[in-house]
Amino acid sequence: MPMTFRFEHLHLRSSDAAAAATFYVDTFGAREIGREGSPTVTRMILDLCGITLFIEHAPDANPPAKPLNRGIEHIGLVVDDLTATVSAMKQQGIVFAIDITNVRPGLRTAFLDGPDGVRIELLQRS
């Protein structure tokens, strides 16, 4: 009998889980679905584009890896209009690590760094 797997969650560690969660909510429209710990938040739980995202408060963890690192390289989010999205985000003060790039016909990307060094790709496919 073959084994069956389904995606369940993506788990991040952060120096400030609540602040990191606010970034994902404000920047990408993630929805908070839970939080753990009181009075200090130890874990934030978000729905990010249908992905359950756990953000664990880990102030004593090692610093984030610098790209090009092994392991999870980035989170990719699809947008309908990359030019308009990047422009609007820049107006909000978001800084892009790699501006819009035409990777190949039908694929354009841009990368920004979220809290705790998490690299996030915005991409548009046509």
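Entry 1, Phe 28. I began with Phe 28 in this predicted model and listed its partners beyond four places in sequence, which are Phe 23, Leu 48, Leu 77, Met 89, Leu 112, Ile 120 and Leu 122.

Entry 2, the core. I then looked up the largest nonpolar core, which holds 28 residues, and found Phe 28 listed with Tyr 24, Ile 55 and Leu 112 as those with the most contacts inside it. Two or more residues come from each of β1 (10-14), α1 (17-28), β3 (43-48), β4 (51-57), β5 (75-78), α2 (82-91), β7 (107-113) and β8, and α1 gives the most, with six residues. I noted beside this that nonpolar side chains tend to be buried together in soluble globular proteins.

Entry 3, Glu 121. Next I turned to strand β8, residues 119-125, where Glu 121 is placed. Which side chain of opposite charge is nearest to Glu 121? I found Arg 125 at 6.5 Å, and since a salt bridge requires a nitrogen-oxygen pair within 4 Å, I recorded Glu 121 as buried yet without a salt bridge. The side chain of Glu 121 does make a polar contact of 2.8 Å with that of His 74, and His 74 is also among the residues touched by Glu 121 beyond four places in sequence, together with Ile 75, Gly 76, Leu 77, Thr 109, Ala 110 and Phe 111.

Entry 4, the whole protein. Finally I checked the overall layout, in which two helices and eight strands follow the order β-α-β-β-β-β-α-β-β-β from the N terminus. Of the 126 residues, 34% are buried, and the exposed surface is about 8300 Å², with 52% of it supplied by carbon and sulfur atoms.

Definitions and conventions. Residues numbered from 1 in each chain as written. Predicted model: local features only at pLDDT ≥ 70, side-chain atom pairs only at ≥ 80, totals over all residues. Heavy atoms only, no water. Helix = DSSP H or I, 4+ residues; strand = E, 2+ residues; numbered from the N terminus. Buried < 20%, exposed > 50% of the residue type's maximum accessible area, 1.4 Å probe, protein only. Lys, Arg positive; Asp, Glu negative; His and termini not counted. Polar contact = N/O pair within 3.5 Å; in protein donor to acceptor, adjacent residues only side chain to side chain. Contact = heavy atoms within 4.5 Å. Core = buried A, V, L, I, M, F, W, Y, C linked by side-chain atoms within 4.5 Å. Areas by Shrake-Rupley, 256 points an atom, 1.4 Å probe, with all protein chains shown as cover.
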